[in-house]
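Biologist: Please take me through one part of this model in close detail, and then show me how that part connects to the rest. I work at the bench, so explain your terms as you go.

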Amino acid sequence: MNWEGQKLVEELMQYLLLASALISFSTGFGFSSVKLMFLIYASGALLTLLITVPDWPFYNRRPLVWLDAKVAEASNSRLLKAKVAAQQKASKTMKK
Amino acid sequence: MHSYALRVNTAVTLAIMVLAVLCSFVSLSDHFHASSPHVHLEVLSIDAFQRQKAGNDEVWLTLNISADFSSVFSWNTKQLFIFVAAEYVTPKNVVNQVSLWDAILVSKNHAKFSIKTRNKYSFVDQGNNLRGSDFNLTMYWHVMPLTGAMYTEKQVFSGFRLPTE
């Protein structure tokens, strides 16, 4: 599961559980049965597990594209230089 | 969220937390449930009045208990435990309670009844303070919910008097 998929799975998990809680409460209250509420919520929670736990194909629709090794190195060294420069600048301002 | 175990853990934890919130909302909804039970207690007859060997007063009486508890049942009520207590004051103790009869009501359909019964549990005083004394009959009902805290309510019927002998 890639980054996009992980973000999606987390959101799905929260919304599905919240939705099953709301549906189960209103249905249970409507039918005056706490047992019915528990049953609906339990099935909603099971459905959520089924949707979020296995690594379904739609979580991998946008695969992570890795940079070429050389490009990565170059960008890393550029980043490193920028970071060092920023630190030096910060220490100078501290002395002032 | 990168592994199966982590996703199972997160989903189950969140599901249980949401369930706890759901249960507290169910319990909260009981506060908006208005109940108006009808209870009537009367003493039909005092059948026996005796002194036990230990010197304690014992009374046998016949009660007429009629009640309609169906309005107490909300969607979150598991059962009611009801009991009738005799309450009286003695020079030594201000509060004396003797449970005379009890019952468990498990459903709304069986919550309306009217029975004539002898006291199920013996009405014995620790001493001989019962002769000629006034007493109250109190109907208590403990409401046991499916989720949330149990609570108790009561209705007092006063003005009963035991004979002097």
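Modeller: Here is a close look that starts from one helix and works outward.

First, the ground rules: this is a predicted model, so local features need pLDDT of at least 70 and side-chain atom pairs count only at pLDDT 80 or more, while totals for chains, interfaces and linings use all residues. Residues are numbered from 1 along each chain as its sequence is written, with chains lettered from A and ligands numbered from 1 in the order in which they are written.

Our starting point is helix H2 of chain A, residues 34-52. (Helices are DSSP runs of H or I with at least four residues, strands are E runs of at least two, and both are numbered from the N terminus.) Two packed helices are described by the angle between their axes and the distance between the axes. Here an axis is a line fitted to C-alpha atoms, for helices over the stretch in contact, and angles run from 0 to 180 degrees between N-to-C directions.

Take the partner within the chain: H1(A), residues 3-30, packs on H2(A) at about 165°, and the axes are 8 Å apart. H1(A) and H2(A) are therefore roughly antiparallel. (Under 35 degrees counts as roughly parallel, over 145 as roughly antiparallel, 65 to 115 as roughly perpendicular, and the rest as oblique.) The two helices make a right-handed crossing, a label used when the near helix is turned clockwise from the far one by less than a right angle; anticlockwise would be left-handed. Residues are in contact if their C-beta atoms, placed from the backbone, lie within 7 Å. On the H1(A) side the contact includes Leu12(A), Leu16(A), Ile23(A) and Phe25(A), and on the H2(A) side Met37(A), Ile40(A), Leu47(A) and Ile51(A) are among the residues they meet. By class, the residues of this contact come to 16 nonpolar, seven polar and no charged. (Ala, Val, Leu, Ile, Met, Phe, Trp, Tyr, Cys and Pro are nonpolar, Asp, Glu, Lys and Arg are charged, and the others, Gly among them, are polar.)

Now for the partner from the other chain. The axes of H2(A) and H1(B), residues 4-29, come within 10 Å and cross at roughly 160°, so this pair is roughly antiparallel too. H2(A) passes H1(B) in a right-handed crossing. Val34(A), Tyr41(A), Ala45(A), Thr48(A), Leu49(A) and Thr52(A) meet a set in H1(B) that includes Arg7(B), Ala11(B), Leu19(B) and Val26(B). Those contact residues divide into nine nonpolar, two polar and one charged. Val34(A), Tyr41(A), Ala45(A), Thr48(A) and Thr52(A) take part in both helix contacts.

Zooming out to the chains, the contact takes 20 residues from chain A and 18 from chain B. The chain B side has 13 nonpolar, four polar and one charged residues.

Where do these helices sit along their chains? Using bounds from an automatic or database domain assignment, chain A splits into domain 1 (1-65) and domain 2 (66-96), with C-alpha centres 43 Å apart. Chain B splits into domain 1 (1-32) and domain 2 (35-161), and there the centres are 41 Å apart. Five residues of domain 1 of chain B are in contact with five of its domain 2.

Further along chain B is an open sheet of four strands, in the order S4-S3-S7-S8, with antiparallel pairing. S4 (96-105) and S8 are at the edges with a single partner strand each, so one side of each has no neighbour in the sheet. From one strand to the next, the twist averages 20°. Strands pair if DSSP finds at least two bridges between them. S3(B), residues 77-88, and S7(B), residues 134-145, share ten bridges, with Phe81(B) partnered by His142(B) and Glu87(B) by Asn136(B). S3(B) also pairs with S4(B) over nine bridges, one of them linking Ile82(B) to Ala103(B). On the other side, nine bridges join S7(B) to S8(B), residues 151-161, where Met139(B) has Gln155(B) as its bridge partner. S7(B) and S8(B) form a hairpin with five residues between them, and Gly148(B) in the turn has a positive phi of about 110°.

Terms used
Two residues are in contact if their C-beta atoms, placed from the backbone, lie within 7 Å.
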